[in-house]
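Me: Here is a model to go through. Let's take it one question at a time.

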Amino acid sequence: MHTTPERSTRPDYAMLTRQVASILEGERDLTANASQFSAFVYDTIAELNWAGFYLTVPSKKGEGQDLLVGPFQGKVACARIPFGRGVCGASAMEQRTIVVPDVHAFPGHIACDSASNAEIMIPLVKGGKLVGVFDIDSPALNRFSDEDRAGLEAMVAAFLDATDFA
Ligand code: SME
């Protein structure tokens, strides 16, 4: 069994990234690994109120794509976000991590939980294809530093390596 590390405002991201690989080892299923990964992030990173997946799916109208909520930890969230909307959509379209120090100052931010004040959105790119985004919200303004961004991107990379997407 894996032990849960102490919560810390400056986590040891190298260790957490190794733990992601170790927890997911031997299982490549998307739902299983995404569930485990969101639980691990939520449990080990301090001051979060939401951590989870939005996965790329065809839109209901059959034109373009939406982001559909996947495994997560936190309060009930928006289920489906049209591609291009919100922080999710911006990160997906631009295929880059977006750090939002104050969500109230981000044009188009979609408020799912009024407790959220800061957010980081990491695109999920597998085999050159955008398959979704990993979204982390915090009640603390300016919650995510450059060190957090790099560390969380490394954790997401370990999740992507360990997981098959259909
Ligand atoms: N705030 C996000 C929507 C997802 S929720 O925060 C869980 C956005 O603006 O894309």
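**Ligand and helix α2**

Reply: In this predicted model, a polar backbone atom of V87 is 2.9 Å from an oxygen atom of the ligand.

Me: How much of the ligand's area does the protein bury?
Reply: Start from the ligand taken alone. It then exposes 300 Å². The share of that area buried by the protein is 99%.

Me: Which residue has a backbone N or O atom 2.7 Å from a nitrogen atom of the ligand?
Reply: A polar contact needs N or O atoms within 3.5 Å. At 2.7 Å from a ligand nitrogen, the backbone atom belongs to I110.

Me: Which residue puts a side-chain N or O atom 3.2 Å from a nitrogen atom of the ligand?
Reply: The ligand atom is a nitrogen, and the protein atom is an N or O in a side chain. At 3.2 Å, the residue is H109.

Me: How many residues surround the ligand?
Reply: The closest are V87, C88, I110, E119 and D137. The full count around the ligand is 14.

Me: Why do the buried residues of α2 lie on the same side?
Reply: The buried residues are N33, A34, F37, S38, F40, V41 and T44. They share one side of α2 because the arc they cover around the axis is only 160°.

Me: Which elements do the buried residues of α2 pack against?
Reply: Helices and strands both appear. The helices are α1 (13-24) and α4 (146-162). The strands are β1 (50-58), β2 (65-74) and β6 (129-138).

Me: Which residue caps the N-terminal end of α2?
Reply: Look at the backbone nitrogen of T31. A side-chain oxygen lies 3.1 Å from it. That oxygen belongs to the capping residue, D29.

Definitions and conventions:
Residues numbered from 1 in each chain as written. Predicted model: local features only at pLDDT ≥ 70, side-chain atom pairs only at ≥ 80, totals over all residues. Heavy atoms only, no water. Buried < 20%, exposed > 50% of the residue type's maximum accessible area, 1.4 Å probe, protein only. Helix = DSSP H or I, 4+ residues; strand = E, 2+ residues; numbered from the N terminus. Arc of directions from axis to C-beta. Contact = heavy atoms within 4.5 Å. Polar contact = N/O pair within 3.5 Å; in protein donor to acceptor, adjacent residues only side chain to side chain. Near = heavy atom within 4 Å. Areas by Shrake-Rupley, 256 points an atom, 1.4 Å probe, with all protein chains shown as cover.
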